[in-house]
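Me: Hi! Could you help me look through this model? I have a few quick questions.
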Amino acid sequence: SAYGEAFVPPPPTRRTPAAAAPAEAVNSAVRSYPSVPPKVMAANLISAPPPSYPFLARLAHIEGRVTVQAVISRDGVVSAARAVDGHHLLRGAAEDAVRRQRYRPYRVDGQPANVSTIVTVAFGAHS
């Protein structure tokens with residue numbers, strides 16, 4: 001029919017892993033900076049606003065800890081964060097919470113340096 005072609009869906013296109021790009025950016029950033037143990041960076045923590053509890057996780061009574069890889073810049077700002085472990089409904093909120101954290105700059109040879117570390121964010125009874 002004259003209208004048939006207008007309603008035919010386009011052929012599937014090969015999707016590029018755009019969703020994976022931010023995670024890959026964090027992975028490459030983490031690999032390029034010295035790793036600092038979590039307890040050492042926790043001693044440099046200035047500000048850690050509490051995470052917002054995701055509505056669906058609260059509704060489903062999901063609690064637990066989320067492990068986040070983070071890159072801390074020379075000025076103490078979290079420049080990248082990626083959840084590597086924890087319930088999928090809590091991961092985004094954990095990443096957001098870590099991005100809002102502020103640290104005293106970590107020093108290498110007396111100079112502020114970009115570093116990577118692991119941050120654990122607790123939700124619920126584990127808080």
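Me: How many residues apart are R99 and D96 in helix α4, and what is that in helical turns?
Reply: Happy to help, and keep in mind that this is a predicted model. R99 and D96 are 3 residues apart in helix α4, or about one helical turn. Their side chains meet in a salt bridge, at 3.0 Å from N to O.

Me: Which other side chain meets R99 in a salt bridge?
Reply: That would be E95, with an N to O distance of 3.8 Å. E95 and R99 are 4 residues apart, again about one turn, and both lie in helix α4, which covers residues 88-99.

Me: OK, how many salt bridges does the count come to?
Reply: The count comes to 2. E95, D96 and R99 are linked in a network of salt bridges.

Me: Is E95 buried or exposed?
Reply: E95 is buried, because its relative accessibility of 18% falls under the 20% cut-off. R99, at 34%, counts as partly exposed, and D96 is partly exposed too, with 40%.

Me: Switching topic: where is V115 found?
Reply: V115 is in strand β7, which spans residues 115-123. V115 is buried, with a relative accessible area of just 1%.

Me: And which residues does V115 touch, leaving out those up to four places away in sequence?
Reply: V115 touches Y33, P34, V36, M41, A70, V71, I72 and Y106.

Me: What separates the C-alpha atoms of V115 and G76?
Reply: Those C-alpha atoms are 9.6 Å apart, while V115 and G76 are 39 residues apart along the chain.

Technical notes
Residues are numbered from 1 along each chain as its sequence is written. This is a predicted model: local features need pLDDT of at least 70, side-chain atom pairs count only at pLDDT 80 or more; totals for chains, interfaces and linings use all residues. Side-chain values use heavy atoms; hydrogens and water are left out. Helices (H or I, at least four residues) and strands (E, at least two) are DSSP runs, numbered from the N terminus. Buried means under 20% relative accessible area, exposed over 50%, partly exposed in between (1.4 Å probe, protein chains only). Contact means heavy atoms within 4.5 Å. A salt bridge is a side-chain nitrogen of Lys or Arg within 4 Å of a carboxyl oxygen of Asp or Glu.
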